[in-house]
Amino acid sequence: MMNKDQRIGGRIAEWGFRTMCLAAVIIPLLVLATLVIDVAIDGTQRLSWEFISSYPSRIAEQAGVLPALVGSLFVIAMTGLLAIPIGVAAAVYLNEYGKNSWVANIIEINIANLAGVPSVVYGLLGLGLFVRFAGMGRSVLAAACTLALLILPIVIMASREALRSVPSSLREASYGLGATKWETIRQVVLPMALPGILTGTILSISRAIGETAPLIVVGAVAYMTFLPDGLNSSFSVLPIQIYDWTTRPQAEFLINAAAGIMVLLSVMLLLNTVAILLRNKYQKRMY
Amino acid sequence: MSSTPKLSISEMDASYGDHQVLHSIDMQIPAQQVTALIGPSGCGKSTYLRCLNRMHELTTSATVNGTVELDGADIYHDDIDPVLLRRRIGMVFQKPAPFPTWSIADNVLAGMKLTGGVPDNADEIVEKALKGAALWDEVKDKLDKPGTSLSGGQQQRLCIARAITVEPDVLLMDEPCSAIDPVATARVENLIHELGENYTIVVVTHNMQQAARISDKTAFLMMGELVEFDDTSKLFSNPAKQQTEDYITGKFG
């Protein structure tokens with residue numbers, strides 16, 4: 001009855017499933033690693049302080065990413081400033097105030113759909129709404145508004161999920177002590193949801209920093225000879241600069257593109273590290 | 001027995017949507033005594049308790065009819081702010097729920113921190129409340145540690161300290177011992193008994209022995225109706241109704 005051999009079928013199935021899951025982890029990682037290594041081999045030839053601190057040039061060896069890097073950081077900072085407060089406020093409304101009302105349900109379904117809209121569509125919306133109708137022109141502000149719209153659904157959904165995970169027993173405990181809804185949200189719910197909100201928003205920001213299509217439509221410039229000096233300034237961003245270099249006929253510019261990709265990846269890596277550090281910092285306060 | 005009741009409940013109905021949970025409850029809860037609510041699961045004990053500090057209405061589609069008077073004033077009157085009412089009628093829940101991002105001391109002061117400000121004599125208040133909740137000796141050296149670092153029973157006493165810090169008139173307790181171990185239960189029971197000297201306490205319990213140990217008066221509820229309400233000693237030794245007798249002798253429930 002308890003003979004080990006009778007379980008052999010089960011053991012093979014167990015081993016098979018485990019191997020399959022392991023493969024599912026390793027194969028995508030291998031593909032990614034190949035890409036990164038390939039880029040790094042080309043990119044390191046050009047990557048230097050000079051590359052980071054120079055303006056674009058017709059000569060590949062002298063071209064750099066400075067305006068694009070500054071533009072990316074500027075646009076992304078503005079995007080965050082716009083999208084995070086609005087997104088968190090919307091999530092608070094949906095989860096704390098509009099709970100179970102049909103309006104909130106319809107809004108939520110629509111937000112989930114919006115997250116799936118191709119980013120170039122947001123670019124067209126930005127072109128029509130911000131660049132033309134609102135008269136912002138092809139500016140940093142128009143780009144930030146467009147990207148903010150793009151990541152807003154992700155920010156809202158991530159924040160909503162974080163708020164939802166705060167146990168209702170804590171809300172009730174707060175009401176039981178005579179706190180108002182606002183006092184409860186501000187002092188009990190939001191601090192507990194903060195790690196989740198931070199992770200979600202920073203991940204969405206690092207998605208926005210890699211976006212190319214909507215910014216081509218909104219009108220990012222690929223050849224900037226000066227740094228953006230304000231919200232109304234024209235601008236370039238790293239993905240646009242990289243895209244531009246890959247379309248040049250001279251092969252040397254492909255090396256520039258690879259180096260640009262390395263800069264972009266570093267910025268993303270930095271952002272994600274900050275996200276993880278912040279989450280760990282705030283999570284440590286509770287268990 | 002004191003003559004004027006602290007809470008006077010008359011013809012109270014409570015529902016969730018179309019589902020009526022409580023049917024025409026009439027009951028006078030005496031001041032500065034412990035009143036226990038017993039009855040089988042789903043009889044409406046917790047709902048009853050939540051109607052007394054207007055927590056019930058926080059649930060979507062929940063409704064209450066009838067009157068509940070606190071010292072003669074109807075708490076469901078339009079002029080009453082439920083938020084202010086809940087500072088006079090505190091609540092301790094089934095599962096201890098200290099605020100995880102706050103220290104032990106901050107948890108004790110939670111009512112004040114949440115609703116405006118902590119007074120200058122915060123340290124005294126913390127000490128007094130923790131002593132009141134029989135927790136002081138165990139936590140006095142680690143007041144700045146998180147509230148959630150305590151054991152379940154300690155957390156529940158912390159929640160009781162938190163509730164008495166706002167100096168309520170009435171303390172409602174919803175099965176305060178059901179999530180903690182027997183030793184911790186004994187401590188919380190002693191505490192409830194002591195607090196009953198100064199506070200009007202209404203405690204829901206599914207444990208009849210516990211009701212007998214800690215309460216002065218006991219109400220037996222079944223299917224959302226009040227079957228019997230009497231002195232605890234009388235109700236457990238000589239119940240007036242057959243249903244009550246069947247329940248306390250373990251014939252059902």
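Let me start right at one contact: B:Arg50 and A:Glu172 form a salt bridge, with their closest N and O atoms 2.7 Å apart. Before going further, please keep in mind that this is a predicted model. And that pair deserves the opening slot, since the count between chain B and chain A is one salt bridge.

So what surrounds it? Helix H2 (82-88), strand E6 (89-92), helix H4 (110-114) and helix H7 (152-165) of chain B each bring at least two residues to the side of chain B that touches chain A. Of these, H4(B) gives the most, with four residues. If you sort that side of chain B by class, you get 16 nonpolar, seven polar and five charged residues. As for other polar links, four residue pairs are in polar contact between chain B and chain A, both residues at pLDDT 80 or more.

Now, how much area is buried between chain B and chain A? The interface of chain B and chain A buries about 2000 Å², and 64% of that is on carbon and sulfur atoms. On the chain B side, the residues that lose the most area to chain A are B:Pro100, B:Thr101 and B:Leu114, which together make up 29% of what that side buries. In residue terms, chain B puts 28 residues into the contact and chain A puts in 20 residues. For anyone newer to these numbers, the size of an interface is often given as the accessible area lost when the parts come together.

Let's move inside chain A. Chain A splits into domain 1 (4-43) and domain 2 (51-283), and the C-alpha centres of these two domains of chain A are 33 Å apart. Where they meet, five residues of domain 1 of chain A are in contact with six residues of domain 2 of chain A. The area buried between domain 1 of chain A and domain 2 of chain A comes to about 410 Å², with carbon and sulfur atoms giving 87%. Within domain 1 of chain A, it is A:Val39, A:Asp42 and A:Gly43 that lose the most area to domain 2, together 80% of what that side buries.

Which polar links does the rule find there? For salt bridges across the interface of domain 1 of chain A and domain 2 of chain A, the answer is zero. For residue pairs in polar contact across that interface, both at pLDDT 80 or more, the count is zero as well. By class, the side of domain 1 of chain A that touches domain 2 of chain A has three nonpolar residues, one polar and one charged.

Staying in chain A for a moment, let me show you helix H7 (residues 168-176). Its buried residues are A:Leu170, A:Arg171, A:Ala173, A:Ser174, A:Tyr175 and A:Gly176. After H7(A) comes A:Gly178, and its phi is positive, near 85 degrees.

Back to charges, this time over the whole model. The rule counts 21 salt bridges over all chains. Side chains of opposite charge can pair when their charged atoms come close.

Here are a few examples from chain B. B:Lys6 and B:Asp71 meet in a salt bridge at 3.2 Å, N to O. This pair links distant parts of the chain, 65 residues apart: B:Lys6 sits in strand E1 (residues 5-16) of chain B, and B:Asp71 in the loop between strand E4 (62-70) and strand E5 (73-74) of chain B. Are these two buried or exposed? B:Lys6 counts as buried because its relative accessibility is 14%, under the 20% limit. B:Asp71, at 43%, counts as partly exposed.

Next, B:Asp106 pairs with B:Lys113 in a salt bridge whose closest N and O atoms are 3.8 Å apart. B:Asp106 is partly exposed at 26% relative accessibility, and B:Lys113 is partly exposed with a relative accessible area of 26%.

My last chain B example is B:Lys131 with B:Glu127, a salt bridge at 2.7 Å, N to O. Both residues lie in helix H5 (residues 122-132) of chain B, four residues apart, or about one turn of the helix. An α-helix has 3.6 residues a turn, so residues three or four places apart point the same way. B:Lys131 is partly exposed, with a relative accessible area of 48%, and B:Glu127 is partly exposed too, at 28%.

And to finish, a network in chain A: salt bridges that share partners join A:Glu108, A:Arg160, A:Glu161 and A:Arg164. Thanks, everyone!

Terms used
Residues numbered from 1 in each chain as written. Chains lettered and ligands numbered in written order. Predicted model: local features only at pLDDT ≥ 70, side-chain atom pairs only at ≥ 80, totals over all residues. Heavy atoms only, no water. Contact = heavy atoms within 4.5 Å. Buried area = accessible area lost by both parts, 1.4 Å probe. Salt bridge = Lys/Arg side-chain N within 4 Å of Asp/Glu carboxyl O. Polar contact = N/O pair within 3.5 Å; in protein donor to acceptor, adjacent residues only side chain to side chain. Nonpolar A, V, L, I, M, F, W, Y, C, P; charged D, E, K, R; others polar. Domains from an automatic or database assignment. Buried < 20%, exposed > 50% of the residue type's maximum accessible area, 1.4 Å probe, protein only.
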